[in-house]
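Welcome! Here are some short exercises to work through with the model open beside you.

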Amino acid sequence: MISLKAGSFLRKVSAPVVVALNSNGRGGERKFKALMESTLKEIREGASALDMDPKPNPGAGVEDVYGEDRATEDQPVTPWTTSVASGYSLLRDPHHNKGLAFTDKERDAHYVRGLLPPAVVTQELQEKKLMHNLRQYQVPLQRYMALMDLQERNQRLFYKLLIDNVEELLPVVYTPTVGEACQKYGSIFRRPQGLYISLKEKGKILEVLKNWPEKKIQVIVVTDGERILGLGDLGCQGMGIPVGKLALYTALGGVRPSSCLPVTIDVGTNNEELLKDEFYIGIRQKRATGQEYSELLHEFMCAVKQNYGEKVLIQFEDFANHNAFELLAKYRASHLVFNDDIQGTASVVLAGVVAALKLVGGTLAEHTFLFLGAGEAGTGIAELIALEMSKQTKAPIEETRKKIWLVDSKGLIVSSRMESLQHFKKPWAHEHEPLKTLLDAVKAIKPTVLIGSSGVGKTFTKEVVEAMASFNERPVIFALSNPTSQSECTAEQAYTWSKGRAIFASGSPFDPVECNGKVFVPGQANNAYIFPGFGLGLVISGAIRVHDDMLLAASEALAGQVTEDNFDKGLIYPPFCNIRKISAEIAANVASKAYELGLATRLPRPANLVKYAESCMYSPVYRNYR
């Protein structure tokens with residue numbers, strides 16, 4: 001391994017070394033020895049012109065290996081960080097490649113001269129060209145593949161593109177397109193991204209983690225692929241989800257890409273189509289369960305903590321309900337863990353509900369909530385709403401839960417079903433006669449807020465929406481299931497059937513709708529509002545555990561970003577074009593709560609947490625190389 005200073009030696013004396021080695025006899029040996037001694041002395045004294053400023057980075061104590069946190073400083077650096085290679089290799093290193101943006105001086109200094117066409121262009125022009133090319137694709141999956149290719153070729157340009165065009169590109173790198181990408185992952189697979197840990201690696205997971213080239217990891221997103229969006233068991237092909245989520249951690253939350261690690265735990269799949277697919281990239285067996293599954297996950301959790309320390313955030317993603325709740329309950333006391341499907345969804349929906357109440361009026365406790373779907377998303381949202389209600393009214397959470405009703409595949413969850421209910425549904429079993437359908441539940445409960453998290457499309461029928469509108473002046477309707485095909489109803493249906501009176505939000509994006517001569521802009525209750533800023537807040541505070549109050553803090557911060565102008569347009573979420581500012585506010589609120597709860601380890605506490613969060617954010621602007 002060659003350090004920056006050793007890199008200086010190779011770059012500055014490679015030609016003299018060749019001369020010395022080619023000299024005949026002892027004179028050549030003496031020249032070579034003298035040259036080596038003088039260069040080693042230079043390295044020891046730290047006189048290299050290429051040596052980077054060793055000041056610590058602000059990113060929660062993790063060494064800024066690539067100088068990413070200081071990308072906007074006018075400080076020329078060397079692109080060689082851990083090894084020295086040819087200019088040809090530099091052009092193929094996504095961390096440092098700038099394509100045609102290499103200046104003439106850089107091309108000479110780093111052996112790139114002649115390996116590129118003579119034109120020198122700006123990063124802005126590269127961005128303009130790529131966006132033009134992306135817009136030529138008619139198929140979203142083609143755009144996804146083009147963006148993934150860019151990420152593997154030029155990392156900074158990829159994130160610059162994503163940050164500057166977030167509203168246009170978010171549906172490509174995230175839901176809904178990422179769902180199709182996962183379904184076809186075996187067919188479109190080109191280069192591996194992230195770590196694949198299968199049953200074959202049992203007993204060797206620590207060794208596998210050490211195979212990952214980056215040693216300073218802050219955020220891990222892990223899935224076992226059993227419940228990818230609303231698409232079901234996609235096995236090993238669920239890797240598209242951790243890759244996409246971590247791209248958003250960087251683009252939206254400013255977490256450095258080198259400190260992010262996507263992981264897929266492959267324990268098999270029960271998807272018969274995939275098992276028969278010759279292009280499937282995972283192990284071909286039925287999904288492991290029980291002790292075999294638990295032991296593999298436990299080994300992974302222990303290995304992560306051993307290899308990366310106490311403060312690495314582990315985000316569970318798209319696990320099936322039974323495993324999602326169990327893993328969160330099992331490890332939340334010993335690891336820094338977060339389940340985006342349970343906690344992230346809950347936080348973003350609570351923020352939307354709090355914002356919607358400014359249009360509808362009343363407090364949380366004055367409203368009645370009905371959920372379609374009682375899985376990890378539905379129960380997670382319900383619990384966080386009950387928690388916030390309890391906080392506001394000082395009433396026990398057992399009381400506030402009674403304002404919230406859930407419908408699952410068997411009908412309304414009521415106390416007479418208690419014995420047959422899964423443990424996470426039992427707190428929501430209230431006294432009421434059994435009701436089989438959602439429409440019956442809507443008519444009987446008369447909710448003011450209807451939330452869909454069922455993963456089943458077209459379940460908010462015309463009759464259901466009309467019933468909501470019949471006893472609510474402004475019915476609040478959230479159709480959260482992803483991707484778009486699984487949404488409980490479309491924005492157009494919600495506005496049309498309610499005669500333009502609904503306050504609507506969805507999980508996947510919908511276009512603006514014109515109804516009764518007015519244009520409505522549907523909100524998107526997208527987890528991407530929450531998890532990037534939430535993760536950044538944990539990182540900058542050095543938090544060691546996630547507390548429910550941190551989720552409430554994130555919701556409050558997001559709801560506080562909705563302006564009067566947004567409300568006038570019917571929006572209950574702020575526009576995504578301001579997402580980095582929103583993420584900084586969320587990060588500051590979460591970090592503040594971590595300090596308040598005594599869970600933060602980064603001391604002393606920064607005086608201005610918002611400015612500190614902004615200063616820690618990764619910038620994709622190209623750096624100047626010496």
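Helices (H or I, at least four residues) and strands (E, at least two) are DSSP runs, numbered from the N terminus. This is a predicted model, in which local features need pLDDT of at least 70 and side-chain atom pairs count only at pLDDT 80 or more, while totals for chains, interfaces and linings use all residues. Residues are numbered from 1 along each chain as its sequence is written, and side-chain values use heavy atoms, with hydrogens and water left out.

**Exercise 1.** Find the residues covered by the UniProt annotation "active site" and place them in the fold.

*Solution.* Start with the record: the unreviewed UniProt entry gives Tyr 174 and Lys 245. They are spread over 72 residues of sequence, yet the largest C-alpha distance is 7.3 Å. Next, locate each one. Tyr 174 sits in the loop between α8 (166–173) and α9 (177–183), whereas Lys 245 belongs to helix α12 (residues 240–253).

**Exercise 2.** Decide whether Tyr 174 is buried or exposed, and do likewise for Lys 245.

*Solution.* Recall the cut-offs: buried means under 20% relative accessible area, exposed over 50%, partly exposed in between (1.4 Å probe, protein chains only). Tyr 174 has 9% relative accessibility, so it counts as buried. Lys 245 has 3%, so it is buried as well.

**Exercise 3.** Work out how the side chains of Lys 245 and Tyr 174 meet.

*Solution.* Look for a polar contact (a pair of N or O atoms within 3.5 Å; within protein, one must be able to donate a hydrogen and the other to accept it, and residues adjacent in sequence count only if both atoms are side-chain atoms). The two side chains make one at 2.7 Å.

Terms used:
UniProt positions renumbered as here; feature names shortened; annotations may be inferred.
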